[in-house]
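Let's take a walk through a protein together, one stop at a time. Keep the picture open beside you and find each spot as we get to it.

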Amino acid sequence: MNKHWNEIANIGIVFPKLFPHANAGTGPIVENLLKILADPFFTAVEVSYIKEDDVRKKTADYLQKSFIDIVFNGGSAFRELKIDLSSLDIDERNESIEKGKLLVDQSYELDAKILHIVTGKDPGEAHRAKALDLFIDSSKQLCKYAQEKAKNYELTISVETGDRYFDRKYLLGPTNDAIKVMREVKNEYSNFGLLFDQGHFPVMQEDPYKALWEGKDYLTHVHIGNSYVKDQSKPYFGDKHIPFNVPDSEIGVNELAKFINTLDDIGFFKKPKPTRRPVISFEVGAYDGEPYELVLGNIKRVFQEAWFK
């Protein structure tokens, strides 16, 4: 890339991946979030579900004072709250929609411009079409609710894709199915979009660059990171968001550079987004219990080399 990233993008990090205690919405959230907010390298952050009202209020105050783009990372919240918007069980799905509305409310409290969501597990070929229809309906309900609750801005609901067959086993799933969902929901709701994670594509067994071209008109933001797929017996196999440079892992400087350049080719950095600038977030955590400072050093060095490659 010829331009510096500060001219065309905001670089973020998925807070609950770096600090796993936040996956449950508890622990020293404010204290650890300050470590990110005080670092000028990061101009975006992805926060998630916070249980305590006072902690959420303090978090919102610090986020507002940090001049940073905010995304609500629903992946960890969906797992913690057991949300399944594609459930074939009517009671479970209705309860999940209500929990999803709670996350919409928290997104607005934290001034997040995007709430990213995921589907439930793939129910198998016999029930997949029905589950997709149910997820589409659930997504429409959340989009409508987000529009109804809007004041100064309208929250965008963004679907993240993942692997269907190997690790997470999500309903969505393959990019071609995700595009069909995009078209169906966006026919009625403009506040809907798509999140791609670079680290998911090796597990999905998809070409990430082809997927970027296919999804270019729907992308709200992207995640970057690494994954490992060579041996399913390894504890870090699949969608574990390991740091770069893990032996035999899938993504390094060259792959990240190509991903960034493809984002430029598809016009990602020029198209308007819900955030102030297009957001690229690291979703990376520890590989073997190493401290968060080492993880941050790893991703910054790899990113800076890849950007200018």
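At the start of helix H10, look for aspartate 207: one of its side-chain oxygens reaches to within 2.9 Å of the backbone nitrogen of tyrosine 209. Keep in mind as you look that this is a predicted model.

Now follow H10 itself, which covers residues 208-215. Which of its residues are buried? They are Pro208, Tyr209, Ala211, Leu212 and Gly215. If you look down the axis of H10, these buried residues fall within an arc of 160 degrees, so they line one face of the helix. A bit of background helps here: an α-helix has 3.6 residues a turn, so residues three or four places apart point the same way.

What do the buried residues of H10 pack against? Their partners are helix H8 (175-186), strand S6 (192-197), helix H9 (201-204), strand S7 (219-224) and helix H11 (253-265).

Let's take H11 from that list. Two packed helices are described by the angle between their axes and the distance between the axes. For H10 and H11, the angle is about 20 degrees and the axes are 10 Å apart. An angle under 35 degrees counts as roughly parallel, so that is how H10 runs with respect to H11. The crossing of H10 and H11 is right-handed. If you zoom in on where they meet, you'll find Pro208, Tyr209, Leu212 and Trp213 on the H10 side. On the H11 side, the residues are Glu255, Lys258, Phe259, Thr262, Leu263 and Asp265.

Here's another helix pair to set beside that one: H7, which spans residues 125-149, and H8. How are H7 and H8 arranged? They pack at an angle of about 45 degrees, with their axes 10 Å apart. H7 and H8 are therefore oblique to each other. H7 passes H8 in a right-handed crossing. From H7, the residues that take part are Leu132, Phe135, Ile136, Ser139, Lys140 and Cys143, and they meet Asp177, Val181, Glu184 and Val185 of H8.

Stay with one member of that group, lysine 140. Is lysine 140 buried or exposed? Its relative accessible area is 14%, so lysine 140 is buried, as the cut-off for buried is under 20%. Its side chain is joined to that of glutamate 188 by a polar contact of 2.7 Å. Not counting residues up to four places away in sequence, lysine 140 touches Glu184, Val185, Glu188 and Tyr189.

Next, hop over to threonine 59, which sits in helix H4 (residues 53-65). With a relative accessibility of 1%, threonine 59 counts as buried. What is threonine 59 in contact with, leaving aside its neighbours within four places in sequence? The answer is Ile29, Val30, Leu33, Ile50 and Leu110.

For a strand, try S1 (residues 10-13), where you'll find isoleucine 11. Isoleucine 11 is buried too, at 1% relative accessibility. Leaving aside its neighbours within four places in sequence, isoleucine 11 is in contact with Trp5, Phe41, Phe42, Thr43, Ala44, Ile280, Phe282 and Phe303.

How do separations along the chain and in space look for a couple of pairs? Isoleucine 11 and glycine 173 are 162 residues apart in sequence, and their C-alpha atoms are 26 Å apart in space. Lysine 270 and isoleucine 8 are 262 residues apart in sequence, with 7.9 Å between their C-alpha atoms. Lysine 270 belongs to the loop between H11 and strand S8 (279-282). Its relative accessible area is 76%, so lysine 270 is exposed.

Let's finish with some backbone details in the loops. Glycine 173 is in the loop between strand S5 (156-160) and H8. A cis peptide bond joins leucine 172 to glycine 173, with omega at about 5 degrees.

Lysine 82 has a phi near 55 degrees, which is a positive value in a residue other than glycine. You'll find lysine 82 in the loop between helix H5 (74-81) and helix H6 (90-109), and at 63% relative accessibility it counts as exposed. Asparagine 245 also isn't a glycine, and its phi is positive, at about 80 degrees. Look for asparagine 245 in the loop between S7 and H11, where it counts as exposed at 69% relative accessibility.

How values were computed. Residues are numbered from 1 along each chain as its sequence is written. This is a predicted model: local features need pLDDT of at least 70, side-chain atom pairs count only at pLDDT 80 or more; totals for chains, interfaces and linings use all residues. Side-chain values use heavy atoms; hydrogens and water are left out. Buried means under 20% relative accessible area, exposed over 50%, partly exposed in between (1.4 Å probe, protein chains only). Helices (H or I, at least four residues) and strands (E, at least two) are DSSP runs, numbered from the N terminus. The arc is that of the directions from the helix axis to the C-beta atoms. Contact means heavy atoms within 4.5 Å. A polar contact is a pair of N or O atoms within 3.5 Å; within protein, one must be able to donate a hydrogen and the other to accept it, and residues adjacent in sequence count only if both atoms are side-chain atoms. Axes are lines fitted to C-alpha atoms, for helices over the stretch in contact, and angles run from 0 to 180 degrees between N-to-C directions. Angles under 35 degrees count as roughly parallel, over 145 as roughly antiparallel, 65 to 115 as roughly perpendicular and the rest as oblique. A crossing is left-handed if the near helix is turned anticlockwise from the far one by less than a right angle, and right-handed if clockwise.
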